[in-house]
Every structure is written in structure tokens, then in C-alpha cells.
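Please find below a colleague's note on charged pairs and cysteines, set out as numbered points.

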Amino acid sequence: MKVTMIGAGYVGLTTGACLADLGYQVRVYDVDKGRIADLRRSQLPIYEPGLDELVTRNVGRGRLSFHDTIDPAVQHVDMVFVTVGTPSLADGGVDLSHVETVARDIARSLAPDTVVVIKSTVEAGTARHITKLIATVRGDDDIKVAANPEFLREGSAIDDFFTADRIVCGADDERSASHLERLYEPLTRRRIPYVKTSTVDAELTKCAANAFLALKIGFINEVADLCESTGGDVLAIAEAIGLDRRIGREFLNAGPGFGGSCFPKDTRSFAATARRLGVAQRLIETLIEANESRKRSLATRILTHLGADSRGKTVAILGTAFKANTDDMREAAALTIVPILQAAGVHIRAHDPKAGDRARPLLPGIVWCDTPFEAAEMADALVVLTEWADYARLDLGRLAKSMRGRMVFDFRNLFDPKAVADAGLSYAGLGRGSPAVSVSGRSAMRGGTANRAEKAAAPV
């Protein structure tokens, strides 16, 4: 089976490489000729663990190729996947202009039996809309459009593809349904559940799933706030409720709010679709505001510690990506927190093992450092914003010697408060008793909860 991916971004490149590894012939097209030239030189535009090896292996096997001319890329193939960006509109809806442009560009070049599949995240009804658009351009309704939403988590995307919880394929005609079933047969033979449904149901499933997971994050963040007022420990509570199979432990890590390319956009899209149809989604509307408010409130927490004379003080930021194991800066907490600190006159020294190059143009005025210890030099406070596993293993004594101040704001709950205190530092986690644990504070975490840095560092 021959497959073309339109769009060499995160979804298109990762999915294309994975399909090639299953044995298919995969072409990846992108309008950005520079990006295609880089890919031909084995220079990837994104960081995703294991992706460079996967791409190199399948290019070497002759299964994966990169193209900057659209017509040859989509001719004589069985399926064309649309994986272009669908950014948010001002009202929270999805901008379909890139998807529509692709539909117009490929319409006349497609063989009559080609199946077009939308993998980009879109609003319900998009596949049917694009089917009509292609028919208008071609003057024929022989091309059908299916929906196959992606559920890849940045940082674990390759494993998510090959060991997926489920594969959701929406088709409104038998040819499209048959093509999708054949494509994913190597995975369904491994007993990965396959959900065959309509295009509208598939499109709604993606946004509904991400909205629900975002609700779990928003919920545990509010539980963390309650813990700080009651002396509770959110890690112990998350562990206890997560053992309930109806709830599960994943996405119950308190943090500085969700970010990335999916949760913020998909919750806004879900709410916007509902508003357009007159069906209120009050939980999601509240969640969207609470998530943004959380980022601002954590910035305020830092400034409150620094005091009225915060101007001229220095804060070390560890991690700027929206989560670990990715260089994605989209809607990262750092994009809200750092400018608020800078507006108050605070100097920022920052480190991120992978996202520095992407973060630099987005966060001007920062001193970028090669190591966490360099970032901590003469800092009045240190803030952990990304749950990189390497941060959890830092030598806290060495960190303390680098700093001028004593406060560590652990907004990912990576550290054991006792270990931080033993290093001569003060600790402020999220939902771990009082907002700050000082050198003279409690000597151990309540409830026997051990240091859960690795678990907290799991993809969210």
C-alpha cells in the first residue's frame, strides 16, 4: 500500500515514519522546501525520542521519501493523509484554511480510487465538508474523505502509535472504511482495538477525549490548591484515587497548567463548536479559564515571595517546554509566567535541554544557560516548570551553593521536600502541605509518600 502524508510536521512526520516501519511505501510532502531539504539530509524539524532513528532506518530501506512538489507526491497512491495545522480562531473554533487549501491543491491530481484521510484535529463535519469541496473542484464526486484522528503524545509518540489504546477510523463509505482497515491490519493483529465509526463520530471523539483528559489535569490542580490549605499531600491523594480503575493514575499530576498543541486547542474547539450549536459545555468553558488563571497565579506566587523589591532580582527557570521529552513551546506555562516576572523587573536565567532554540525567539530578554547549575548562579529563587527527568536527579547541594536565595518553586513536584531542606533550601511544591516548606519545616513527607520524580515526569 502506498501512502502520502501532506504536512511534515509533528503528526505527519511521526505517523509517516511509523507507517513506513510497518512496511508501507510512504511519501511525505510539505510546502516548506527548506524543511524537505533538511529532512533529505536527515535533519529533523522536531525533537521526539526515537524519531530520528526511525526516519533514518526507513529512508535507508527505501520506504520513506520526502517531496516538495505536491502533484507527484499524491499521484498513484492509495491513501493521502492530511496532517496540516489547524490553529485556533479568535472565538476558539478551528481554522480550516490549510485543510481547504490542501483539498483544492490535490483534487485534480488524485486517482479516482484514492482515499483522502483527515488526521489533523478538526471540528465535527469537516470530512463531509472537504468531500464536497473536492467534488466541486474535480467536477466529480468520486473522491471520499475519511477521518482518522491521532492520539500521539509528544515525548512518547512512537510507542503510542505501535501500542495504541485504540485506533479510531471514521468513514461514510465502504471504500474508505476498507482502505483504513487494511492499513491498520498489522496493528489490529496485535490486538489493538479498532473503532469503526462515522466521520462525525471520529472527529468528535478526538476533541471529547482530550477535553476529558484536560479536565483530569484541571481537577488535580484544584485538589492541589485544597491540599495547600488543609495540609494534605496531592501525591498521596492522586496515588490513592488513581488506583480506582474507573479513574486511573495518568493525568493526575499537579502542575502549572496544561499546554502543547492539543489540550488548549481541543478544549477551545470543543467549547466553540458547542456554542455555535447552542449546546453549552460549561465544564470545559470553566476549565479553559481556570487553566490560564493557574499560570498567572503561579507567577504571582513567585513575585509574592520576592517581595515588593522584586525589581532587579534574579529567578532561575528550569524547563521552558510545555512538558518533558519534547521541544514544543506551544502554550507552555513559561510563555505566561516568564513575561509576568519580567514585567515586574525580574531578571531571568533559564535552561532547557531541548527547547532552548525554540524558546529563544518567544522569550526575549532571557539569559540562556548550558546547565541547570549555571542558570541557578546567584538566583534569588529557582522555578521548575518542565518535568525533565534529569532535573529530578540534580545535586541539590551543588544547586544551593550556586544560588543567592533559598527558595525552590517545584511546580512539577519533582523533588523530595526533605532532600531540598537538607540541602539548605526552602521548598514550595504544589499541593504538598503548606505552600512552602523551609529548612526548619517538616522533615519528611506525610503519609509515607516517597519521591515520585520519575512518575511526575511521565508525559501529560
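1. How far is the sulfur of Cys 18 from the closest cysteine sulfur, and in which residue does that sulfur lie? The partner is Cys 169, whose sulfur lies 15 Å from that of Cys 18, and this is too far for a bond. Cys 18 is also buried, at 0% relative accessibility, where buried means under 20% relative accessible area, exposed over 50% and partly exposed in between, computed with a 1.4 Å probe on protein chains only.

2. On the basis of the values, this is a predicted model, in which local features need pLDDT of at least 70 and side-chain atom pairs count only at pLDDT 80 or more, while totals for chains, interfaces and linings use all residues. Residues are numbered from 1 along each chain as its sequence is written, and side-chain values use heavy atoms, with hydrogens and water left out.

3. The cysteines can be taken further, since the structure holds zero disulfides, a disulfide being a pair of cysteine sulfur atoms within 2.5 Å. For Cys 207 the closest cysteine sulfur belongs to Cys 262 at 9.4 Å, and therefore a bond is ruled out by distance. Cys 207 counts as buried, with a relative accessibility of 4%.

4. Turning to charge pairs, the count comes to 29 salt bridges, each defined as a side-chain nitrogen of Lys or Arg within 4 Å of a carboxyl oxygen of Asp or Glu. One of them links Arg 360 to Asp 357, with the closest N and O atoms 3.1 Å apart. Arg 360 is partly exposed, its relative accessible area being 40%, whereas Asp 357 is exposed at 64%.

5. Another salt bridge brings together the side chains of Asp 390 and Arg 393, at 2.7 Å from N to O. Both of these residues, Asp 390 and Arg 393, are exposed.

6. Which residue does Asp 422 meet in a salt bridge? The partner is Lys 418, and the N to O distance is 2.7 Å. Asp 422 and Lys 418 are four residues apart in helix H19, residues 417-422, and so are separated by about one helical turn; helices here are DSSP runs of H or I with at least four residues, numbered from the N terminus. Asp 422 is exposed at 56% relative accessibility, while Lys 418 is partly exposed, with a relative accessible area of 36%.

7. Beyond such pairs, Asp 21, Arg 57 and Arg 61 are joined into one network by salt bridges that share partners.

Technical notes:
Helices (H or I, at least four residues) and strands (E, at least two) are DSSP runs, numbered from the N terminus.
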